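Visitor: Hey, could you walk me through this one? I'd like to start with the strands and then jump around a bit.

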Amino acid sequence: MKTGTRSLLFSAVIAASAFQASAQVGSEDWVAAAAEGVAPQVIDWRHHIHQHPELGNQEVETAKLVAEQLRAFGIDVRTGVAKTGVVGVLKGGKPGPVMALRADMDALPVKEQTGLPFASHATATWQGKKVDVMHACGHDAHTAMLLGAAKVLAENRDKIAGTVVFLFQPAEEGQSDVDPYTSDKPLSYGAKGMIEEGALDNPKVDVVFGLHVMSGSPTGQLSWKSGAILNSADSYRITVTGKQSHGSMPWAGVDPITTAAQIINGMQTLVSRRADLTQGIGVVSVGNIHGGTAGNIIPNEVTMEGTIRSNAPGIRDTLLQSLPPLAENIAKANQAQAKVTIADGVPVTMNDDALTRAMEPSLKKAANNKVVVLKSNASPSEDFSYYAEKVPGLFVFLGATPPDQDMSKAASNHSPQFIVDDNTLVTGVRTHLRFVMDYPQTRSSAAPGA
């Protein structure tokens, strides 16, 4: 992530404290009222999208809905970006920066068990298999909230200093139509695909904002931190090939199961002995392992798949570079062979430090001071990280659990019982609006004449 000049520019405004006094002048009342006014439509959009979920790279109807609405608002639209992505561009009435707002549109291969009146009963194909489909991570809410913000901003374009780019992105959860371990070329999809197809270039984006609903956090609460806010994520498949033999005569073959067990144990030393843990943390996990057909036969082959996570780019690099030779050499020591395939992953999601501090007053205003500054990053991952590698980025969490519930017992994101409280959507709309209305003031204070 490039941080030099841009962070110094943001730091100037923080040191001067100019932003806190002036960022919201003239915009507070109309922003709150407009968000409240569009909230019923946002809820309707969210229910419709939730009831008709689509997997990554299959978001055809969702993208169609988004494009039709944006055009109805008078926003310029480009479709088919990274397969099913939609980019909208709204030029404000005043000169200023180019600000991107991002929402993801895809659902997950999960069978819904919420009992909601608008619950999903959809099915689709995920990497060749028929699966149930559900918005189990809240992307339906993300899409609806950004549509609501787009409507309000289009109706008030004369008040906008600069240009707004709306990024409605596919495949944040991965591609439903491509096996990442068997593709014969580098995979470009989701945020990475949007960037490669020019989503940040025409017009040239100066800053990017995003938000994500979060279970176990109260409705309407915003939480964030500067620096690393989400881990990197990479996945791997290891195929260990030995030589089949009878279980009573292991010397007659090469046992891939005992070899795989040694590889699993060895992988834990990548974190405990190879990673520089002064930089952050790392995790190497095995999620599945398959091999054999009977208890008295040593199989020819074992496969296992897992995930690698870290909140530090340096640790991520160490783990990714060290895993293949470790597995290959352990296998070689056992007279077996190991093939390691690492699937395309996502970097650490980094919030620009100066931008985060500069926008804190806006976040507090959007959430009516219902805010939490996180002490540590969250363990999941997000491909918003790709945008934040290109331009200064700020990614925040929006609470989605009704405040009268036990936060510790709320069904987590990706659960079949995951629920988003509709009452939180208005806060999300307000947050998007505050990003757009307040950032130009930050930028002009930080870099006069910019």
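Guide: Sure. This is a predicted model. A good place to start is the hairpin formed by β1 and β2, with 3 residues between them. In that turn, Ala-82 has a positive phi of about 50°.

Visitor: How many bridges join β1 to β2, and which way do they run?
Guide: There are 5 bridges between β1 (residues 76-81) and β2, and the two strands run antiparallel. To find your place in the register, look at Thr-79, which stands opposite Val-86 in β2.

Visitor: What's on the other side of the pairing, between β2 and β6?
Guide: Another antiparallel match: 6 bridges join β2 to β6 (residues 161-169). Val-87 stands opposite Leu-167, and Lys-91 is across from Thr-163.

Visitor: And how does β3 pair with β6, parallel or antiparallel?
Guide: Parallel. β3 (residues 94-104) and β6 share 8 bridges, and the bridge partner of Ala-103 is Phe-168 in β6.

Visitor: How many residues of β2 and β6 are buried?
Guide: For β2 (residues 85-91) it's 6 of the 7, so the strand is largely enclosed by the rest of the structure. For β6 it's 9 of 9.

Visitor: Back to the hairpin turn. What does Lys-83 form a salt bridge with?
Guide: With Asp-177, the closest N and O atoms being 2.9 Å apart. Lys-83 lies in the loop between β1 and β2, and Asp-177 in the loop between β6 and α6 (190-196), so the pair ties together parts that are 94 residues apart in sequence.

Visitor: How exposed are those two?
Guide: Partly, in both cases: Lys-83 has a relative accessible area of 47%, and Asp-177 comes in at 41%.

Visitor: What about Arg-102 and Asp-383, buried or exposed?
Guide: Both are buried. Their side chains meet in a salt bridge at 2.8 Å, N to O. That pair links distant parts of the chain, with Arg-102 in β3 and Asp-383 in the loop between β17 (378-381) and α10 (384-390), 281 residues apart. Salt bridges with shared partners also put Arg-102, Asp-104, Glu-382 and Asp-383 into one network.

Visitor: Which residue does Arg-46 pair with?
Guide: Asp-422, in a salt bridge with N and O atoms 2.9 Å apart at the closest. Arg-46 is in helix α3 and Asp-422 in the loop between β18 (393-401) and α11 (425-446), so this bridge ties together parts 376 residues apart in sequence. Both residues are buried.

Visitor: How many salt bridges in total?
Guide: The count comes to 14.

Visitor: Now Glu-54. Where is it, and how far away is the nearest opposite charge?
Guide: Glu-54 sits in the loop between α3 (28-51) and α4 (60-72). Glu-54 is buried yet has no salt bridge, and the nearest side chain of opposite charge, Lys-64, is 10 Å away.

Visitor: So what does the Glu-54 side chain reach?
Guide: The backbone nitrogen of Glu-61, at 3.0 Å. There's also a polar contact of 2.6 Å between the side chains of Glu-54 and Thr-62. Beyond four places away in sequence, Glu-54 touches several residues, including Val-60, Met-105 and Val-133.

Visitor: Zooming out, what's the overall picture for the chain?
Guide: The chain has 11 helices and 18 strands, and 55% of its 450 residues count as buried. The C-alpha trace spans about 80 × 50 × 45 Å along its principal axes.

Visitor: What's the radius of gyration?
Guide: It's 24 Å, which agrees with the value near 22 Å for a compact globule with 450 residues.

Note on methods:
Residues numbered from 1 in each chain as written. Predicted model: local features only at pLDDT ≥ 70, side-chain atom pairs only at ≥ 80, totals over all residues. Heavy atoms only, no water. Helix = DSSP H or I, 4+ residues; strand = E, 2+ residues; numbered from the N terminus. Buried < 20%, exposed > 50% of the residue type's maximum accessible area, 1.4 Å probe, protein only. Lys, Arg positive; Asp, Glu negative; His and termini not counted. Salt bridge = Lys/Arg side-chain N within 4 Å of Asp/Glu carboxyl O. Polar contact = N/O pair within 3.5 Å; in protein donor to acceptor, adjacent residues only side chain to side chain. Contact = heavy atoms within 4.5 Å. Pairing = 2+ DSSP bridges. Rg over C-alpha atoms; globule rule 2.2 N^0.38 Å.
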